[in-house]
Amino acid sequence: MTHLDRKKFLQSVTLAGAGMSLTGSRFLGDRKQQDQPVRIGVIGLDISHSTAFTRSIKNPEGRPELSGFDVVAAYPYGSRTIESSYSRIPEYTEEMKEMGVDIVDSVDELLSRSDVVFLLTNDGHMRREQAMKVLDAGKMMFMDKPVGASLADVIAIMDASERLDVPVFSSSSLRFITHAHAIRHENLIGDVLGVDAYSPSVTEETHPDLFWYGIHGVETLYSVLGTGCKTVARTKTDKTDVVVGTWEEERTGVFRGLREGSREGGGIAYGSDEGPPPEDITTVDAYGGIVYGSNAILPLGPYEGYEPLVIEILEFFRTGVPPVSRQEMIEVYAFMEAADESVRQGGAAVQMEDVIAEARRQL
């Protein structure tokens with residue numbers, strides 16, 4: 001499947017699933033016609049993605065898919081209560097200034113100076129209020145993880161996106177890990193029977209466990225399996241998580257979250273005190289998985305960093321078509337909320353539809 005064919009496929013699938021009939025030009029006004037860079041505003045300088053995404057877009061020697069956009073303004077906040085987040089704001093603010101990005105004093109000022117928005121605030125508790133401002137202003141928006149601090153917040157944002165007819169896209173960069181698209185959409189290994197995915201899964205006490213970092217591995221599952229998970233069961237210890245989802249047609253997705261031992265991958269097999277492994281031992285990245293197909297078993301990876309995601313975000317801004325449907329974005333968070341509910345029920349399998357219904361009752 002060619003790059004163009006892939007885009008047409010994604011557009012047709014997502015439009016059908018999300019009920020959209022939009023184009024990016026509706027939201028970008030005359031800037032594209034006048035051959036002016038589309039202005040990106042960044043909300044939240046409490047996460048390294050803010051500087052990494054900006055550096056990719058501003059790279060004069062970057063890939064052609066990154067052209068036609070410029071990061072022009074940023075509002076730093078961002079968490080004011082989570083130390084691991086707000087302590088980074090001064091450093092990232094200075095880095096953004098060095099790249100020629102103006103620092104503004106409010107979300108409203110940022111919206112007045114931008115055409116589209118990166119909502120990167122690392123604190124999910126701030127997301128709903130900030131996202132609603134962006135949607136009310138009619139600006140297309142990419143939302144980094146977590147979309148919100150609860151499933152109810154995620155549903156509220158996605159419902160507002162649909163009601164206001166303003167497209168939103170959220171994804172971990174792990175969704176675009178090597179082989180994932182070809183397995184799901186190009187029948188690379190035949191029918192997908194199951195997936196084992198893993199990632200670091202450190203937690204933050206103010207957020208549901210997997211929302212903070214385990215989402216990377218959960219998105220890896222969904223990048224291959226798509227929607228249709230029916231039940232979720234979780235085993236949780238201080239050192240790790242094992243979450244098992246059962247999809248339609250009895251397909252299974254297993255997520256292993258890493259909280260102890262090597263979480264870096266790429267060479268440390270026995271812990272930092274014992275140095276690298278012997279030359280005859282091959283280690284793997286800390287993000288990845290194995291897909292079991294009807295024709296073959298294939299590893300996912302390697303992980304290629306942020307740039308594949310940034311390219312998808314800019315294509316979303318050009319077309320107005322998110323590469324992930326609203327239904328799938330909601331289901332990712334429902335999977336993680338169901339995992340928490342399973343722990344509360346002693347590891348029992350939890351129905352996804354019950355979790356979503358309960359979240360809607362909280363709106």
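This passage walks through a pocket, two unusual peptide bonds, a pair of loop residues and a surface patch in a predicted model.

A good place to begin is the second largest pocket, whose volume is about 190 Å³. Its lining is made up of 15 residues, and those closest to the centre are Ile-47, His-49, Lys-145, Tyr-213 and His-216. Sorted by class, the lining of this pocket comprises eight nonpolar, five polar and two charged residues.

Lys-145, one of the residues closest to the pocket centre, also takes part in a cis peptide bond, which joins it to Pro-146 with omega at about -10°. Pro-146 itself sits in the loop that runs between strand 5 (141–143) and helix 8 (151–164). A cis peptide bond is also found between Tyr-77 and Gly-78, where omega is about 15°. Here Gly-78 belongs to the loop between strand 2 (69–75) and helix 4 (83–86).

The loop between strand 9 (240–247) and strand 10 (252–258) holds Glu-249, and Glu-250 lies there too. Phi is near 60° for Glu-249, a positive value in a residue other than glycine, and Glu-250 likewise has phi near 60°. Glu-249 has a relative accessible area of 75% and is therefore exposed; Glu-250, at 71%, counts as exposed as well.

On the surface, Leu-193, Tyr-292 and Ile-297 come together as a nonpolar patch with about 290 Å² of accessible area between them. Within this patch, Tyr-292 is part of strand 11 (residues 288–293). The relative accessible area of Tyr-292 is 32%, so this residue is classed as partly exposed.

Key. Residues numbered from 1 in each chain as written. Predicted model: local features only at pLDDT ≥ 70, side-chain atom pairs only at ≥ 80, totals over all residues. Heavy atoms only, no water. Patch = residues over 30% accessible without salt bridge, like charges linked within 9 Å, V, L, I, M, F, W, Y side chains within 5 Å. Areas by Shrake-Rupley, 256 points an atom, 1.4 Å probe, with all protein chains shown as cover. Salt bridge = Lys/Arg side-chain N within 4 Å of Asp/Glu carboxyl O. Helix = DSSP H or I, 4+ residues; strand = E, 2+ residues; numbered from the N terminus. Buried < 20%, exposed > 50% of the residue type's maximum accessible area, 1.4 Å probe, protein only. 1 Å grid on protein atoms, 1.4 Å probe; cavity = no way out; pocket = protein on both sides within 12 Å on 5 of 7 lines; lining within 4 Å. Points joined across faces, edges and corners; volume = space filled by probe spheres on them. Nonpolar A, V, L, I, M, F, W, Y, C, P; charged D, E, K, R; others polar.
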